[in-house]
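Student: I would like to learn how to read the features of this model one at a time. May we begin with the end of a helix?

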Amino acid sequence: MRFLRGHAMKVREIMQPSTHFLRGGATLRDAAALFGSSGVGGAQVLDGEGRPGTVFTCDDLILALARGARLSDPVLGHARRHICAVGPDTAVEDIPWQGSRFLGVMDGARMVGCLAADRVPDAHEAADGAAGDADGEADAGATPWPEALEHFPEPLFLCAADGTVRRGNRAARRILGEVLGEVLGELRGELPDGARPGAGLPTGLPVNLADALRRAGFSLERDPADPESSAHAARGETRYALLRWPVPAPDSARVGWNMIHLRDVSEQHAVLGKLQSMRELSREFRAIIDSSFDGIYITDGEGKTLLINRAYERITGIRAAEVVGRTMAELVSEGFYDKSVTLQVLQSRKVETIIQKVRRGKIIVVTGNPIMDEAGNIWRVVTNVRDVTELQRLQEELEKMSALHDRYRMELDTLRKSMGRDGGIVVRSKRMRDVYEQALRLAQVESTVLIMGESGVGKEVVAEAIHRHSPRRERPFVRISCAAIPEQLLESELFGYVQGAFTGASRAGKPGVFELAHQGTLFLDEIGELPLGLQCKLLRVLQERVVLRLGEVRPTPVDVRIMAASNRDLEAMMRVGQFRNDLYYRLNVVPIVVPPLRERREAVFDFIYRFLGRFNRKYGLGRQIDPEACDFLAAFDWPGNVRQLENTMERLVVLSQGDLITREDAQRALAPRRDANGAEDTDQSLRAAVERAERAAIGRALAAHGSTRAAARALGVNQSTIVRKARRYRLACD
């Protein structure tokens, strides 16, 4: 059944033309301004090429804000992906609303306009005026109810001039059920002002409709938050705004008939409630930050100032009106601040702290904290501010102290630079600096080097440093200890052998260390322990630069730089016939003497902290050392030199009961250990125990017999052995 007989109005006659649109880059703020100024309920959204692509409505705006969107967000991020649409030639009464109050009007693939549901009654009124005389008077007994309104997605009620409800559409029957049929046409008149329920409702609401709503469980009330509606009907979580407008009547008077529309505002009402809660939270938040003693400065993710608290104004003398709404880049360029922690946070995306100078000369400490959104972008930067002007005096004192610190740091940097990659060498004393500089000079030449010094002073480290700085640095660095290999095997290790050279020899033969170090460096440690027979063969290699494997008749040329080391007095051994003169002078081209640790005590501290860090990393610990323990260790004589210090530090790290190594720990680590009978504990290295016993025996023999020859006879060894070992243990002898 049509609303009036006559002209069937088309959608194109009542649709909203494409004069109201939002460009693709428009924001929610732009949409709100358009809806407020034009009174439209929606607009087309243009794509990147300027063509209508979708629609955006007032309801979409409210939903976006309810979900936490910002007014600066783009409309396209909240517009409908799939819109409900209707053709321009569709009859108004045949519109498929599909549960939406705002439709796009599509002419093929092109959007030509939009249609709001609340324009349909106006369309019918216009259609009636256009049909006018042609249609004549409607049947007075018929109840006008177009098919389009029957399928309208929200409840509609047609009220006659006498104040009774004559019809309700499908949506109305759904919410009222049988109650609607019971009250239709029964009651006449209007709900008087002040009536209950629904006190304070404006006049004009049919009594039977109010009664029907009450019987269906709705409560009627005025909503001051929505003054455009006559009233609200609420049931549970559902809330309707009761909207009323005049419509054409079927009689000739054409007055007195009304359409009452129950517009579902449940979600909007919830949003209003949330907004109210948000306003309350905002007031609470502002009160909290204003009560903070520290200054607080808040910007958005683009560095624009949003809020500062009263403490910030007090500390800096800068007022909110001067900075709110302005970016930090602008404020820095205009001299409000010398630099901005907010800009640093936006760049680094992490917490930053700086000392900042504000316009009026205040010095403040500012810490910027980034706050991320769900997408991982910076949403806000919150900066905490403290006045440190009063600490400026202390800062000046620190700056004075820093001059001394800078000098020490420059010296240390220079020292480290000179050391290059030689992390094992600690250069503190003048003697050790001379050794290191000499080593760097020798690295640039091919001279044979003889490194001398006590056991454990770091002779091998010096040799490695020479090799690393030499042109042979990319070639092998081969080391061999002449004292660690049995004499019968030492020759094959040095020179190699061929297949069948001796019983048990490998079938493939084996190259010696000279061949392995070809074009590189060979380091012969403890060269003083080399037997005389092998000394002669070594001399031949040094002179002729060829090596002859055991069992081979054809020599092999080798290009090897030789470095040797000894903790023995080779010159004294040479005088007593234990070391060949010619080999000594061949090796002693450039001698380097590494001083013992007791003669460079200033290096002990560096070694302590180096070994402490190394063993902490090795064992996953965090030990620290007391300064008194450092002083005790520095005062020790260290007969085992750096090697003994390294072993002692490892023992302290692994055996310390707490995280702090104390002086008592160091004393226990260096004290002689004794067994239950008071004798020294033998749970030590065999070599150390033998050396102690040997030193004691030789000392007693020399003291008892007065000469090395008599002491040798008493001990059953050669005199040369007594001489050599007495020198080694620094024992007085004649």
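Student: Which residue follows α22, and what is the sign of its phi?

Tutor: Helices (DSSP runs of H or I, at least four residues) and strands (runs of E, at least two) are numbered from the N terminus. Helix α22 is followed by G620, whose phi is positive, near 65 degrees. Please note that this is a predicted model, in which local features need pLDDT of at least 70 and side-chain atom pairs count only at pLDDT 80 or more, whereas totals for chains, interfaces and linings use all residues. Residues are numbered from 1 along each chain as its sequence is written, and side-chain values use heavy atoms, with hydrogens and water left out.

Student: How many residues does α22 have, and what span should they cover?

Tutor: The expected span of a helix is 1.5 Å times one less than its number of residues. Helix α22 (residues 602-619) has 18 residues, which should therefore span 26 Å; the C-alpha atoms at its ends are 27 Å apart, in agreement with that value.

Student: Which residues of α22 are buried?

Tutor: An α-helix has 3.6 residues a turn, so residues three or four places apart point the same way. Buried means under 20% relative accessible area, exposed means over 50%, and partly exposed lies in between, with a 1.4 Å probe and protein chains only. In α22 the buried residues are A603, V604, F607, I608, F611, L612, F615 and N616. They pack against β28 (624-625), α23 (627-635), α24 (641-655) and β29 (660-661).

Student: How should a single strand be read, and which residues of β14 point each way?

Tutor: In a regular strand the side chains alternate between the two faces of the sheet. From β14 (residues 295-300), G295, Y297 and T299 point one way, while I296, I298 and D300 point the other way, and all are buried.

Student: Which strands pair with β14?

Tutor: Two strands pair if DSSP finds at least two bridges between them. Strand β14 pairs with β18 (residues 378-387) in the antiparallel sense over six bridges, and G295 stands opposite V385 in β18. Strand β14 also pairs with β15 (residues 305-308), again antiparallel, over three bridges; here Y297 stands opposite I308. Four residues lie between the strands in the hairpin of β14 and β15, where G303 takes a positive phi near 85 degrees.

Student: What is the order of the strands in the open sheet of five strands?

Tutor: The order is β20-β23-β26-β19-β27, with parallel pairing. Strands β20 (477-481) and β27 (590-593) stand at the edges with a single partner strand each, so one side of each has no neighbour in the sheet. For angles, axes are lines fitted to C-alpha atoms, for helices over the stretch in contact, and angles run from 0 to 180 degrees between N-to-C directions. Neighbouring strands of this sheet are turned by 20 degrees against each other on average, direction ignored. Helix α16 (residues 459-468) lies across the five strands, including β26 (561-566), to which it runs at about 165 degrees.

Student: How do the edge strands join their partners, and how many bridges are there?

Tutor: Strand β20 runs parallel to β23 (residues 521-525) and is joined to it by five bridges, with V478 opposite L522. At the other edge, β27 pairs with β19 in the parallel sense over four bridges, and P591 stands opposite L450. Strand β27 has a covered face, V590 and I592, and an uncovered one, P591 and V593.

Student: Which residues touch the most other members of the largest nonpolar core?

Tutor: A nonpolar core is a set of buried Ala, Val, Leu, Ile, Met, Phe, Trp, Tyr and Cys residues joined through side-chain atoms within 4.5 Å. The largest core has 32 residues, of which L494, F514, L522, L524 and I527 touch the most other members. Helix α19 (residues 532-544) gives the most to this core, with five residues. Apart from it lies another core, of 24 residues, among them L597, A603, V604 and L633.

Student: Is Q578 buried or exposed, and where is it found?

Tutor: Residue Q578 lies in the loop between α20 (570-575) and α21 (581-587). Because its relative accessible area is 16%, Q578 counts as buried. Contact means heavy atoms within 4.5 Å. Not counting residues up to four places away in sequence, Q578 touches L532, Q535, R568, M573, S720, T721 and R724.
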